[in-house]
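Please open the structure in your viewer and keep the selection tool at hand, as this tour moves from one stop to the next.

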Amino acid sequence: MDSIAHTTKWLNFVKNPPVPGRKTNDYTISNTETKSTVGYIEWYGILKQYCFFPHPRIALEKTCMKDIAEFLVKLGNEHAELRKMIDK
């Protein structure tokens, strides 16, 4: 079952079910009113961080971009804390 991990005025960040073999979580971002998919957040190994992958032909204004960026920072901080605990 999907669960909402974070909500803003215009966006829902839904944690997707775990993917076998993956160590990180994926998220689907949808519009709070239309429920249409805006994009996805996934771990991008090449950059060693969570990244936003927009759905084709999506236009985002500055508030939504800021909300997505803040959620990426939150995920990055949580990941760093988890790595610290594992590395101890």
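A residue is called partly exposed when its relative accessible area lies between the two limits of under 20% for buried and over 50% for exposed. With that in mind, and remembering that this is a predicted model, begin by selecting glutamate 78, which is partly exposed because its relative accessible area is 41%. Now add lysine 74 to the selection, and you will find that the side chains of glutamate 78 and lysine 74 meet in a salt bridge, with 2.9 Å from N to O. Both residues belong to helix H1, where they are four residues apart, so about one helical turn separates them. Lysine 74, at 35% relative accessibility, also counts as partly exposed.

Stay on helix H1, which covers residues 62-87, and select lysine 66 together with glutamate 70. Their side chains form a salt bridge as well, at 3.0 Å from N to O, and because these two residues are four places apart in the helix, about one helical turn lies between them. Glutamate 70 has a relative accessibility of 43%, so glutamate 70 counts as partly exposed.

How many salt bridges does the structure hold? There are three, and for another of them you should select arginine 22 and aspartate 26, whose closest N and O atoms are 2.2 Å apart. Is aspartate 26 buried or exposed? Aspartate 26 counts as buried, because its relative accessibility is 11%, whereas arginine 22, at 44%, counts as partly exposed.

Next, select threonine 24, which sits in the loop between strand S2 (11-15) and strand S3 (27-31). Threonine 24 counts as buried because its relative accessibility is 17%, a value that falls under the 20% limit. If you set aside residues up to four places away in sequence, threonine 24 touches Trp43, Tyr50 and His79.

Follow the first of these names to tryptophan 43, which you will find in strand S4, residues 37-44. Although tryptophan 43 and threonine 24 are 19 residues apart along the chain, their C-alpha atoms are separated by 6.5 Å. Tryptophan 43 counts as partly exposed, since its relative accessibility is 25%.

To finish, display the residues in contact with tryptophan 43, leaving aside its neighbours within four places in sequence: these are Thr24, Asp26, Lys48, Gln49, Tyr50 and His79. Asp26 in this list is the salt-bridge partner of arginine 22 that you selected earlier, while Tyr50 and His79 are also touched by threonine 24.

Terms used: Residues numbered from 1 in each chain as written. Predicted model: local features only at pLDDT ≥ 70, side-chain atom pairs only at ≥ 80, totals over all residues. Heavy atoms only, no water. Buried < 20%, exposed > 50% of the residue type's maximum accessible area, 1.4 Å probe, protein only. Contact = heavy atoms within 4.5 Å. Salt bridge = Lys/Arg side-chain N within 4 Å of Asp/Glu carboxyl O.
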